[in-house]
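The following exchange between a visitor and a guide goes through one molecular structure by question and answer. Each reply sets out its reasoning before the value or name requested.

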Amino acid sequence: MSLPSSWLQRYLHLLNADAGQILDLACGTGRNSFYLHCLGLPLLALDRDVASLAGMQAAGIATKGHDLEAGEGGYDWPFAEHSFTAIIVCNYLHRPLFPHILASLKPDGLLIYETFAAGNENFGKPSNPAFLLRSGELLAQMQSNPAVTMSIIAYEDGYVEQPKPAMVQRICARKTGKISVLDKL
């Protein structure tokens, strides 16, 4: 089993664990899901690879097999607004989902997101620009839903040595509420 994301470990203390369920989006083999589950946190692990969810199910983790990219318009978001106290995303990028991710956070919900960035092609996969964030893009995506305001806690854009050499962008942000008409004036 791989170690959980160091970015997740670094900012998890900001989570209000009593506020509800955490979504581990595109959880893969579950390295972060197992970590959160061991901490006793309420969790839903989602991935399109149903076989990868079997081990998590056996450990008592709630899972959902779902292809987020299959729907009309290139996405299929299965959750309502204000569903999660936190959403964790590691090593996954599908740009059309950002407005939905932000909307699905509860007020004061925490987003911990990290994935590969431009320049990663020098270190291996992913190397396709469709799967690499452009410079500053993750920060800009925090404004992708005009009905949601995100407060940035931490942001990094650059090279990491661990768990393997890569170019990444990482963000930890808190949903601070809806933008009102008065805020736009």
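**Salt bridges, pockets and backbone**

Visitor: Is E114 buried or exposed?
Guide: This is a predicted model, and the answer rests on a computed relative accessibility. Buried means under 20% relative accessible area. E114 has a relative accessibility of 7%, so E114 counts as buried.

Visitor: With which residue does E114 form a salt bridge?
Guide: The closest N and O atoms of the pair are 3.1 Å apart. E114 belongs to strand β5 and its partner to strand β7, so the bridge ties together parts that are 56 residues apart in sequence. The partner counts as buried because its relative accessibility is 9%. The residue that forms this salt bridge with E114 is R170.

Visitor: Which residues are joined with E114 and R170 into one network?
Guide: The count of salt bridges comes to five. Some salt bridges share partners, and in this way E114 and R170 become part of one network. The other residues joined into that network are R10 and E156.

Visitor: Which residue forms a salt bridge with R95?
Guide: R95 is placed in the loop between β4 (84-90) and α4 (98-104), and its partner is in helix α5 (residues 137-141), 42 residues apart. The partner is buried, with a relative accessible area of 6%. The closest N and O atoms of the pair are 2.5 Å apart. The partner of R95 is E137.

Visitor: Is R134, which meets E137 in a salt bridge, buried or exposed?
Guide: The N to O distance between the side chains of E137 and R134 is 3.4 Å. E137 is buried, with a relative accessible area of 6%. For R134 the relative accessibility is 51%, and the term exposed applies over 50%. R134 therefore counts as exposed.

Visitor: With which side chain does the side chain of S33 make a polar contact?
Guide: S33 lies in helix α2 (residues 31-38) and is buried, its relative accessible area being 0%. Leaving aside neighbours within four places in sequence, the residues in contact with S33 include C27, L43, A45, M56 and I61. The polar contact has a distance of 2.6 Å, and the side chain that makes it with S33 is that of D24.

Visitor: Against which elements do the buried residues of α2 pack?
Guide: The buried residues in α2 are R31, N32, S33, F34 and L36. After α2 comes G40, with a positive phi near 80°. The elements against which the buried residues of α2 pack are α1 (6-11), β1, β2, α3 (50-58) and β4.

Visitor: Which residues lie nearest the centre of the largest pocket?
Guide: The largest pocket has a volume of about 520 Å³, and 23 residues line it. Two or more lining residues come from each of β1 (22-25), α2, β2 (43-47) and β5 (105-116). The lining divides into eleven nonpolar, six polar and six charged residues. Nearest the centre of the largest pocket lie A26, D47, C90, N91 and Y92.

Visitor: What is the phi of A26?
Guide: A26 is located in the loop between β1 and α2. A26 is buried, with a relative accessible area of 17%. Most residues other than glycine have a negative phi. The phi of A26, by contrast, is positive, near 55°.

Visitor: Which residues are closest to the centre of the second largest pocket?
Guide: The second largest pocket holds about 310 Å³ of space, and 16 residues line this pocket. The elements that give two or more residues to its lining are β5 and β7 (166-177). By class, the lining has seven nonpolar, five polar and four charged residues. The closest to the centre are R31, Q162, P163, K164 and R170.

Visitor: What is omega for the peptide bond that joins Q162 and P163?
Guide: P163 is in the loop between β6 (149-160) and β7. Most peptide bonds are trans. The bond that joins Q162 and P163 is cis, and its omega is about 5°.

Visitor: Which residue does a cis peptide bond join to K125?
Guide: The residue is found in the loop between β5 and α5. Omega of the bond is about -5°. The residue joined to K125 is P126.

Methods: Residues numbered from 1 in each chain as written. Predicted model: local features only at pLDDT ≥ 70, side-chain atom pairs only at ≥ 80, totals over all residues. Heavy atoms only, no water. Helix = DSSP H or I, 4+ residues; strand = E, 2+ residues; numbered from the N terminus. Buried < 20%, exposed > 50% of the residue type's maximum accessible area, 1.4 Å probe, protein only. Polar contact = N/O pair within 3.5 Å; in protein donor to acceptor, adjacent residues only side chain to side chain. Contact = heavy atoms within 4.5 Å. 1 Å grid on protein atoms, 1.4 Å probe; cavity = no way out; pocket = protein on both sides within 12 Å on 5 of 7 lines; lining within 4 Å. Points joined across faces, edges and corners; volume = space filled by probe spheres on them. Nonpolar A, V, L, I, M, F, W, Y, C, P; charged D, E, K, R; others polar. Salt bridge = Lys/Arg side-chain N within 4 Å of Asp/Glu carboxyl O.
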